[in-house]
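Please look over the sequence and the structure shown here before reading on. The report is written for a reader who has not met them before.

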There are 2 protein chains.
Amino acid sequence: MPLFRAVKRALLQALESGVIAPGEALPSERELALCFGVSIGTLRHAVDELVAEHILVRRQGRGTFAATHNADRFLFQFFHVERRDGLREAPRVELAAFERVRIDDEDVADALGIRVGELAFQVDNRLLLQGRAVVHDRITLPANLFRGMTEKRFRERPSTIYQLYQSEFGINVVRVLERASAVGADRLASRMLGVLPGTPLMQVRRTALGFADKPVEYRVSNINTAQHDYVSLHAKPA
Amino acid sequence: MPLFRAVKRALLQALESGVIAPGEALPSERELALCFGVSIGTLRHAVDELVAEHILVRRQGRGTFAATHNADRFLFQFFHVERRDGLREAPRVELAAFERVRIDDEDVADALGIRVGELAFQVDNRLLLQGRAVVHDRITLPANLFRGMTEKRFRERPSTIYQLYQSEFGINVVRVLERASAVGADRLASRMLGVLPGTPLMQVRRTALGFADKPVEYRVSNINTAQHDYVSLHAKPA
DNA sequence: TAGTGGTCTAGACCACCTG
DNA sequence: AGGTGGTCTAGACCACTAC
């Protein structure tokens, strides 16, 4: 294994274990290089990769920081709905239901790497853009990863959902896998989005992964694409 | 502007102008560094970015090559439909129609950066996976970029569509922007995909960009997601 | 064996930010 | 002024590939 990758693993370990907390500054690159016994170039190579994965954030003149799940990161990395004319706007999120359930869907269990019958929290949210319901999310969280989760804590989170996971449960969503298809609106979606049953909707099934690609959340989004699009981020690199 | 970015631009210029043709090897990194008058580290920084954008391909021990549009690149970078169980397979592409048209849709003209009324080629393809029609594509190509295009050349292309653009018209698709929504199948889609009119389909609108982000193709894909998904590539970096 | 890219070093100097 | 990341240098050695 290349040295820079070993350094990267060590940094990831420090982040995962909480030795470096979200939002905290890392030691300077010179210090880190000294501490790991590598040259500054090698240290930077490792950090470069973590920055590309949005796990670390560099700020010139200030330092390198463990990324936090703030509103901007949500909007630009994890929210993929945009008005057709390209306007990207943070949604208003309304909690519609919060339940403790036993997972009964094999696909959900598979995605989360657990078994049917295990306990989970199931959260339904309605997302509004410019006052109109556009998305219905059903989020499934493995109960054993979110011990102490309550409707109150979920509802009264100060910031984004992933920020809640990060600050209250030590769970860092690092990236997501998404698969989409078109479906006709079912009763629930019809009611939540105010469309006729059978209306074509986009259904996005997301598995959110933490460090080491551990699944931490499964989410099914039903999107009313009458005036909005799902935007695939093949964003410009560099 | 940083030096490595100037080097990157020079390399891009060499690729765009055909000084380095697709599939050709670049001079070695040592030679290039010497030629540009920069250190090997700086040269590599520039090349690293182009590799990340899939414009160059490194092969250890062999050299660095200008990327070609082969079947693999199509499948893994530009084809986003997968069977629900995760099987990714190259589609069989059937040419359904080839016409010279005047662009009458403002959205299409906007996407291509040209005006309504300009000449274009419009190609309809049907994509089959395991013998079943899953996707209908309507491709629009600005006529002034594809001088000499004929149905015969399109139909008898030896490899992928983007390979045809690259080898016959000197047009390199570098990346694509995609926006998706759900629609009910119209008459055409219904016939091409063998589904009832109104069946929910995913519609993906793609703008393909060449060097300098110049739009070179607009494509609308209607996807029957009964057994397949559209997969968003938030692929694992590194 | 010779040539390529992949990794790594041990610095230097600059631009930027904060006190 | 002092510290941070951003860029750049001029090499070295290694692993891989082809002949």
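The sections below take up the two protein chains, their nonpolar cores and the two DNA strands of this predicted model.

## How the two chains are related

Two copies of a chain are related by a rotation about an axis and a shift along it. Here chain B can be laid on chain A by a turn of 180 degrees with a shift of 0.0 Å along the axis, and the RMSD is then 0.0 Å. That is the relation of a two-fold axis. Of the interface residues of chain B, 100% are also interface residues in chain A, so the copies meet through the same surface.

## The nonpolar cores

The largest nonpolar core holds 48 residues, and those with the most contacts inside it are Met202(A), Met149(B), Phe154(B), Tyr165(B) and Met202(B). Helix α7 of chain B, residues 161-169, gives this core its largest share, namely five residues. Apart from it lies another core, of 21 residues, which includes Phe78(A), Phe146(A), Met149(A) and Ala208(A).

Leaving aside its neighbours within four places in sequence, Met202(A) is in contact with residues of chain A, including Ala180(A), Ile223(A) and Tyr230(A), and also with Ala180(B), Ser181(B), Ala182(B) and Met202(B).

## The surface near DNA strand C

Around DNA strand C there are 23 residues, of which Leu3(A), Ser39(A), Thr42(A), Glu29(B) and Arg58(B) come nearest. These surrounding residues divide into five nonpolar, nine polar and nine charged. Of the atoms of the strand within 4 Å of the protein, 76% belong to sugar or phosphate, while the rest belong to bases.

From chain A, a backbone N or O atom of Ser39(A) lies 2.7 Å from a phosphate oxygen of DNA strand C, and a polar backbone atom of Phe4(A) is 3.0 Å from a phosphate oxygen of that strand. From chain B, a backbone N or O atom of Gly61(B) lies 3.0 Å from a base nitrogen. Elements giving two or more residues to this surface are α1 and α3 of chain A together with α2, β1 and β2 of chain B, and the largest share, three residues, comes from α2(B).

## The surface near DNA strand D

DNA strand D is surrounded by 23 residues, the closest being Glu29(A), Arg58(A), Leu3(B), Ser39(B) and Thr42(B). Sugar and phosphate account for 75% of the strand's atoms that come within 4 Å of the protein.

A base oxygen of DNA strand D lies 3.4 Å from a polar side-chain atom of Arg30(A), and a base nitrogen lies 3.1 Å from a backbone N or O atom of Gly61(A). On chain B, a polar backbone atom of Phe4(B) is 3.0 Å from a phosphate oxygen of the strand. The largest share of the surface near DNA strand D, three residues, comes from α2(A).

How values were computed: Residues are numbered from 1 along each chain as its sequence is written. Chains are lettered from A and ligands numbered from 1 in the order in which they are written. This is a predicted model: local features need pLDDT of at least 70, side-chain atom pairs count only at pLDDT 80 or more; totals for chains, interfaces and linings use all residues. Side-chain values use heavy atoms; hydrogens and water are left out. A nonpolar core is a set of buried Ala, Val, Leu, Ile, Met, Phe, Trp, Tyr and Cys residues joined through side-chain atoms within 4.5 Å. Buried means under 20% relative accessible area, exposed over 50%, partly exposed in between (1.4 Å probe, protein chains only). Helices (H or I, at least four residues) and strands (E, at least two) are DSSP runs, numbered from the N terminus. Contact means heavy atoms within 4.5 Å. Copies are superposed by least squares on the C-alpha atoms of residues with pLDDT of at least 70 in both. A residue is near a molecule or strand if one of its heavy atoms lies within 4 Å of it. A polar contact is a pair of N or O atoms within 3.5 Å; within protein, one must be able to donate a hydrogen and the other to accept it, and residues adjacent in sequence count only if both atoms are side-chain atoms. Ala, Val, Leu, Ile, Met, Phe, Trp, Tyr, Cys and Pro count as nonpolar, Asp, Glu, Lys and Arg as charged, and the others, Gly among them, as polar.
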